[in-house]
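Please read the following report alongside the sequence and the model. It moves from the overall fold to single residues.

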Protein chains: 2
Amino acid sequence: MEHNNKHNEVKFQNPHLTVDVVVFSIVNEQLCTLMIKRQRAPFQGNWALPRAEINPKLDASLEFTAKRNIKLLLDVDTPYLEQVQTIGNNERDPRGWSVSVVYYSLIAENAFPVKENAQPLKWMTINETLSKALSFDHQHIIENCYHRLQNKSLYTSLPIFLLPEEFTLTELQKTYELVLGIKMEKKSFRRRLLDAGFLQETGRMRHANHRPALLYRLSERQPYYFARIIEGVRDSKNID
Amino acid sequence: MEHNNKHNEVKFQNPHLTVDVVVFSIVNEQLCTLMIKRQRAPFQGNWALPRAEINPKLDASLEFTAKRNIKLLLDVDTPYLEQVQTIGNNERDPRGWSVSVVYYSLIAENAFPVKENAQPLKWMTINETLSKALSFDHQHIIENCYHRLQNKSLYTSLPIFLLPEEFTLTELQKTYELVLGIKMEKKSFRRRLLDAGFLQETGRMRHANHRPALLYRLSERQPYYFARIIEGVRDSKNID
DNA sequence: CGAATAGTGTCTATGAGACAGTATGCT
DNA sequence: AGCATACTGTCTCATAGACACTATTCG
């Protein structure tokens, strides 16, 4: 069974395969990810990403596995799900070669972990996940997803999926700023979004103790791709 | 073993897992992918993408598996390799649930299939792959990689990896045009590339029966990301 | 010299950021 | 009225495309 793998036909035992999801949401004006406390070794008692095995009888595809798991955890259908990467090596799991297909999902605030879940679930702020020790290489995975989200937010309408159906332009700008960690210029932000043409006025308004704001909704389910990236205000690019 | 997969702990048999590579190169001024003729069922005798099993003893990671396979087929180290997607479902292989981690690779012309390979290998033009019946969902996979390559070429320096170490700006423009299927404007192309600052003059020149051209090389191994996408000449965007 | 390709000068178009101004609702 | 936030007018700036021009080598 040694050297004739030129033919790609030698059979090796398949490495262990799972589907991991990084669910982003905004909770208390903070970008958070959904984490789960592990019930058994390895990393027992540590926080980890939700993970699902493929159920060949139940799941038609990897994407379905991811969706099924999100539904199980939060009882919502995610409005945005994207496959980010697949990590596979012999170091990430002490039990041996393992492979994770990683998805990230964006959902609006107010999705609460399902109570009947056996494991403790919680929304952990992105800063917390990036600074504290997590299970396996999950910190690394979250970092990758976060970078992808940030990067894509520079030239797409992705952050909209972190908001409810109806939202004001100011709320949307705040969401972009939260995700990107930069301040944006109001006029150029609004011009960019409105000129793109994928926002629809709902006719309703958001009221507070000042001038009410128009409420918008998406007219397309697909994210919009802009031709240029956001540059951010020209001095002091970082919020923090 | 039915319903308590809330705990993500029910063990299912792992689906079959492979690493597939779409190797792009320019052969005879045509964008091509490396294809292999299948020696056994299913799809015996049909063209397919090169595919490798993970060898847990040999491979430290999925990326290593991909590199190992390219080396085996062409005896080159690819200058660019990127994971595109992982496809897994119960329809793509008649034998059942199967998962492919897909990479694409860019290499310069003049990499020839290794002769001792048992299977017949060939460079197939992208048009041929997209029009003729291939094995499994490989046409679909190639299409995805091709779109990713085209899309990324609009805002990165990727097409450079399809050229040898040293190249002229005209050769580079031709490569972009070939990949993107659009004509580009000479001045803006050169300005864009030179202003980015990642090209280095080699001091040598390409000679022919006309004015010789400066030869350039990359000064960084990482692809460069532009802030704006290529728009292409404003009328008649398509070549074909 | 002429053919052919390399390479440039400079105009317009687009869309981003800057910044100050106006609009409208609540208390 | 006056505060707070919504929304706009219009300037500058960066970078893309248009297009015509000049430069250099070979035969």
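Among contacts in chain A between residues at least 6 apart in sequence, what percentage join residues at least 24 apart? In this predicted model, the share of such contacts in chain A that join residues at least 24 apart is 65%.

**Overall fold of chain A**

Chain A contains five helices and nine strands, and, read from the N terminus, these elements follow the order β-β-β-β-α-β-β-β-α-α-α-α-β-β. The C-alpha trace of chain A extends over about 70 × 45 × 40 Å along its principal axes, and of the 240 residues in chain A, 51% are buried.

**Two helices in contact**

Two packed helices are described by the angle between their axes and the distance between the axes. In chain A, the axes of H4(A) and of helix H5 (residues 186-196) come within 11 Å and cross at roughly 105°, and H4(A) and H5(A) are therefore roughly perpendicular to each other. On the side of H4(A), the contact is made by A:Leu169, A:Thr170, A:Leu172, A:Gln173 and A:Tyr176, which meet A:Lys186, A:Phe189, A:Arg190, A:Leu193 and A:Leu194 in H5(A). By character, the residues of this contact between H4(A) and H5(A) divide into six nonpolar, two polar and two charged.

**Aromatic rings**

Over all chains, a search of the whole structure finds 19 aromatic pairs. One of these pairs is formed by A:Tyr155 and B:Tyr155, whose rings are tilted, with 6.3 Å from centre to centre and 40° between the planes. This pair crosses between chains, since A:Tyr155 sits in the loop between helix H3 (138-153) and helix H4 (169-180) of chain A, while B:Tyr155 sits in the loop between helix H3 (138-153) and helix H4 (169-180) of chain B.

A second pair belongs to chain B, where the ring centres of B:Phe198 and B:Phe226 are 6.2 Å apart and the planes stand at 65°, so the pair is edge-to-face. Because B:Phe198 lies in the loop between helix H5 (186-196) and strand E8 (199-208) of chain B, and B:Phe226 in the segment after strand E9 (210-218) of chain B, the pair ties together parts that are 28 residues apart in sequence. Both B:Phe198 and B:Phe226 are buried.

Aromatic residues are also grouped in chain A, where A:Phe24, A:Tyr80, A:Tyr104 and A:Phe161 form one aromatic cluster. In addition, A:Lys122 lies over the face of A:Trp47, at 5.1 Å from the ring centre, and in chain B the residue B:Lys122 lies over the face of B:Trp47, at 5.1 Å from the ring centre.

**Backbone geometry**

Most residues other than glycine have a negative phi, and most peptide bonds are trans. The table lists places that depart from this general pattern.

| Place | Feature | Value |
|---|---|---|
| A:Ala41 to A:Pro42 | cis peptide bond | omega near -5° |
| B:Ala41 to B:Pro42 | cis peptide bond | omega about -5° |
| A:Phe136 | positive phi | phi near 50° |
| B:Glu29 | positive phi | phi near 60° |

A:Pro42 lies in the loop between strand E2 (30-37) and strand E3 (47-48) of chain A, and B:Pro42 has its place in the loop between strand E2 (30-37) and strand E3 (47-48) of chain B. A:Phe136 is found in the loop between helix H2 (126-131) and H3 of chain A, and with a relative accessibility of 13% A:Phe136 counts as buried. B:Glu29, by contrast, belongs to the loop between strand E1 (16-27) and E2 of chain B and is exposed, with a relative accessible area of 68%.

**Two further residues**

Is A:Phe64 buried or exposed, or does A:Phe64 fall in between? A:Phe64, placed in helix H1 (residues 62-74) of chain A, is partly exposed, with a relative accessible area of 38%. Leaving aside residues up to four places away in sequence, A:Phe64 touches A:Leu58 and A:Asp59. From C-alpha to C-alpha, A:Phe64 and A:Ile54 are 9.1 Å apart in space, with their positions 10 residues apart in sequence numbering.

B:Asn55 is located in the loop between strand E4 (51-52) and helix H1 (62-74) of chain B, and B:Asn55 is buried, with a relative accessible area of 7%. B:Asn55 and B:Gln119 are 64 residues apart in sequence, and their C-alpha atoms are 20 Å apart in space.

Technical notes
Residues are numbered from 1 along each chain as its sequence is written. Chains are lettered from A and ligands numbered from 1 in the order in which they are written. This is a predicted model: local features need pLDDT of at least 70, side-chain atom pairs count only at pLDDT 80 or more; totals for chains, interfaces and linings use all residues. Side-chain values use heavy atoms; hydrogens and water are left out. Rings of Phe, Tyr and Trp (its six-membered ring) pair if their centres lie within 6.5 Å; planes under 30 degrees apart count as stacked, over 60 as edge-to-face and the rest as tilted. Helices (H or I, at least four residues) and strands (E, at least two) are DSSP runs, numbered from the N terminus. Buried means under 20% relative accessible area, exposed over 50%, partly exposed in between (1.4 Å probe, protein chains only). A charge sits over a ring if NZ of Lys or CZ of Arg is within 6 Å of the ring centre and within 35 degrees of the ring normal. Axes are lines fitted to C-alpha atoms, for helices over the stretch in contact, and angles run from 0 to 180 degrees between N-to-C directions. Angles under 35 degrees count as roughly parallel, over 145 as roughly antiparallel, 65 to 115 as roughly perpendicular and the rest as oblique. Contact means heavy atoms within 4.5 Å. Ala, Val, Leu, Ile, Met, Phe, Trp, Tyr, Cys and Pro count as nonpolar, Asp, Glu, Lys and Arg as charged, and the others, Gly among them, as polar.
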